Amino acid sequence: MRGADLINAALPDELLDDVIRRVGAGGGAKRDLDACALVCRRWRRLERASRRSARLAASGERADEVLRLVAERFTALAEVSVNERLTAAASGSGSARRSYRSGMERGPYRAGMIHMPNQIRRRRRLPLASNLTLQISPFPLDQPVSDQGSERSCLTDVGLGHLARGCRGLEKLSLVWCSAISSTGLVRIAENCKKLTSLDLQACFIGDPGLIAIGEGCKLLKKLNLRFVEGTTDEGLIGLVKNCGQSLVSLAVANCQWLTDASLHAVGSHCPNLEIISVESDRVQSVGIISIAKGCRQLKTLKLQCLGAGDDALDAVGSFCPLLEILSLNNFEGFTDRSLTSIAKGCKNLTDLVLNECHLLTDRSLEFVARSCKKLARLKISGCQNMESVALEHIGRWCPGLLELSLIFCPRIQNSAFLEIGRGCSLLRTLFLVDCSRISDSALSHIAQGCKNLTELSIRRGYEVGDRALMSIAENCKSLRELTLQFCERVSDAGLSAIAENCPLHKLNLCGCQLITDSGLTAIARGCPDLVFLDISVLRIISDIALAEIGDGCPKLKEIALSHCPEVTNVGLEHLVRGCLQLESCQMVYCRRITSSGVATIVSGCTRMKKLLVEEWKVSERTRRRAGPVLSFLCTGL
């Protein structure tokens with residue numbers, strides 16, 4: 001545009017930098033920042049200086065080189081996430097290589113954050129023995145067990161060193177499944193990134209020297225994730241919390257086989273400001289949890305999966321943690337009603353309670369919780385087979401603020417429980433029922449009549465739930481937006497038509513509802529124009545008519561699953577893609593009448609497609625070349 005250079009020259013760098021930062025803070029930040037970088041070299045330079053976050057893949061023969069380039073060009077990065085499993089579908093695709101080359105030349109990257117593809121090698125394959133992927137680790141505990149001679153092609157300490165030197169203002173670092181990094185790389189981070197406040201090391205093989213270095217160098221650390229970090233022992237975690245425990249607010253420790261109660265004792269002694277802790281370990285006993293409870297009086301979130309802990313542990317939590325709001329107990333064989341009674345007495349602010357596979361808990365424990373914890377808003381009970389209807393009746397009578405209720409494999413809970421829930425929990429917005437075999441239409445009718453604010457209903461394998469329940473839901477719950485009816489074999493077109501007429505759904509899952517026909521889906525297509533997600537898998541009698549109606553009536557649809565639909569053909573797919581231009585994900589395996597032509601139709605007609613799940617033999621070479629990164633083959637050889 002003529003005159004553009006005159007306007008650009010009149011803007012000082014400070015003002016232009018402020019403009020770009022405001023663009024980055026807006027709702028369309030990712031796309032808009034990329035556009036700013038394409039204006040001219042000056043805008044690209046300033047835009048690079050304003051980038052704050054990056055999400056990178058850690059695999060590829062030149063992963064270290066990619067991280068070096070990113071760190072040199074985007075020095076203001078404050079948040080970096082590296083994942084070795086990211087975008088695995090892009091492996092070997094020419095489009096990924098082209099996007100990398102053009103991106104590094106021009107500067108902007110797709111999605112506004114710097115998003116690097118999984119595969120970055122040139123057309124001529126580089127040797128795997130490149131010195132860029134050489135791992136040098138002086139710490140013996142940092143060596144994961146691996147087959148001799150195996151080839152490494154992922155991020156190493158070399159790349160982490162580049163990041164540490166180039167982005168000294170780094171505040172958040174996530175290294176997920178980065179199998180080749182060790183304490184050597186963390187030492188470089190600790191030496192250079194003094195402002196680090198969040199560190200995620202999930203599934204990395206990090207030894208004690210790395211954690212000790214982080215504790216000594218990153219005094220502002222607030223969040224630490226050590227899930228599946230197998231190389232760490234008590235020495236490493238104790239050394240870390242002794243140095244930066246005062247600032248630590250959140251800690252997650254899961255399946256770290258060398259960590260014991262000694263580590264938790266150190267956390268309790270040195271982390272008085274800890275608010276969130278998650279512990280999953282077979283080696284932790286009650287004494288470790290007691291140390292946490294006594295030392296971390298500000299605790300608000302506690303998630304435990306410790307087979308060795310018992311009632312004494314939760315007695316201490318109830319006595320010393322009055323601010324506790326979220327409690328999750330998973331796979332406990334030593335907890336009895338005494339534990340929840342202690343929690344109920346001491347933790348009056350409890351809002352979220354998860355009980356998973358706690359076989360010794362009975363109705364009595366939930367009665368104490370319901371009577372004492374009046375702020376309870378979210379309750380999940382899974383596999384607690386001793387709990388009966390009385391437990392939910394207490395919740396209905398004493399917890400009027402309940403917003404979410406999940407019941408998974410609770411075979412003793414019957415319809416009568418939902419009469420009290422409907423009467424007392426009028427604010428309920430989300431209800432999940434999975435494998436609750438004794439719940440029928442009557443229970444859902446009670447919920448519909450009392451909980452008119454319901455927005456999400458999910459029923460899986462509800463073999464006694466049918467059209468009467470759906471008609472009651474449709475009549476009373478006008479705000480319903482998400483509905484899942486997986487393998488509810490009594491649901492038919494009549495109930496679905498009632499839902500379509502009264503509830504403008506956004507998400508619908510009908511997988512396995514064998515009585516649904518084209519008529520029911522036609523009603524949904526005409527009554528739910530804002531639908532963005534639809535699962536119609538295992539509906540064996542629907543045909544192309546249903547897909548044509550969906551294409552005409554649901555222009556906002558982004559995800560569809562139609563696997564195991566034997567009557568759907570390529571013609572139906574043509575009608576679907578003609579109207580659903582925003583489609584991003586499609587699953588269609590075991591559709592016997594869909595051929596390679598139908599797959600090509602999806603690929604060519606849906607320009608926004610990100611994932612297509614299909615049998616490999618149905619993909620032609622031309623389609624593979626065109627859409628390699630989005631293809632997924634879970635049914636290879638069919």
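**Exercise 1. Find out which residues Q486 touches, leaving out those up to four places away in sequence.**

Step 1: Contact means heavy atoms within 4.5 Å. On that basis, Q486 touches I459, R460, R461, G462, N509 and C511.

Step 2: Place the residue. Q486 sits in strand β16, residues 482-486; strands (E, at least two residues) and helices (H or I, at least four) are DSSP runs, numbered from the N terminus.

Step 3: Buried or exposed? Q486 has 17% relative accessibility, so it counts as buried. The cut-offs are under 20% relative accessible area for buried and over 50% for exposed, with partly exposed in between (1.4 Å probe, protein chains only).

A word on what you're looking at: this is a predicted model, where local features need pLDDT of at least 70, side-chain atom pairs count only at pLDDT 80 or more, and totals for chains, interfaces and linings use all residues. Residues are numbered from 1 along each chain as its sequence is written, and side-chain values use heavy atoms, with hydrogens and water left out.

**Exercise 2. Work out where the predictor's confidence drops under 50.**

Step 1: pLDDT is the predictor's confidence in each residue, from 0 to 100. The protein averages 86, and 87% of the residues score at least 70.

Step 2: Now the weak spots. Residues 88-141 stay under 50, and the model has 133 contacts for them beyond four places in sequence. Residues 143-152 stay under 50 too, with 11 such contacts.

**Exercise 3. Say which residues touch the most other members of the largest nonpolar core.**

Step 1: A nonpolar core is a set of buried Ala, Val, Leu, Ile, Met, Phe, Trp, Tyr and Cys residues joined through side-chain atoms within 4.5 Å.

Step 2: The largest one has 180 residues, and F418, L444 and M588 touch the most other members.

Step 3: Zoom in on L444. Beyond four places in sequence, its contacts include L431, L433, I439 and L457.

Step 4: Another core, of 6 residues, lies apart from the largest one; L16, I20, C36 and L46 are among its members.

**Exercise 4. Explain why C511 and C154 form no disulfide.**

Step 1: A disulfide is a pair of cysteine sulfur atoms within 2.5 Å.

Step 2: For C511, the closest cysteine sulfur is in C513, 7.8 Å away, so it is too far for a bond. C511 is buried, at 10% relative accessible area.

Step 3: For C154, the closest cysteine sulfur belongs to C178, at 7.8 Å, so that is too far as well. C154 is buried, at 4% relative accessibility.

Step 4: The count of disulfides comes to 0.
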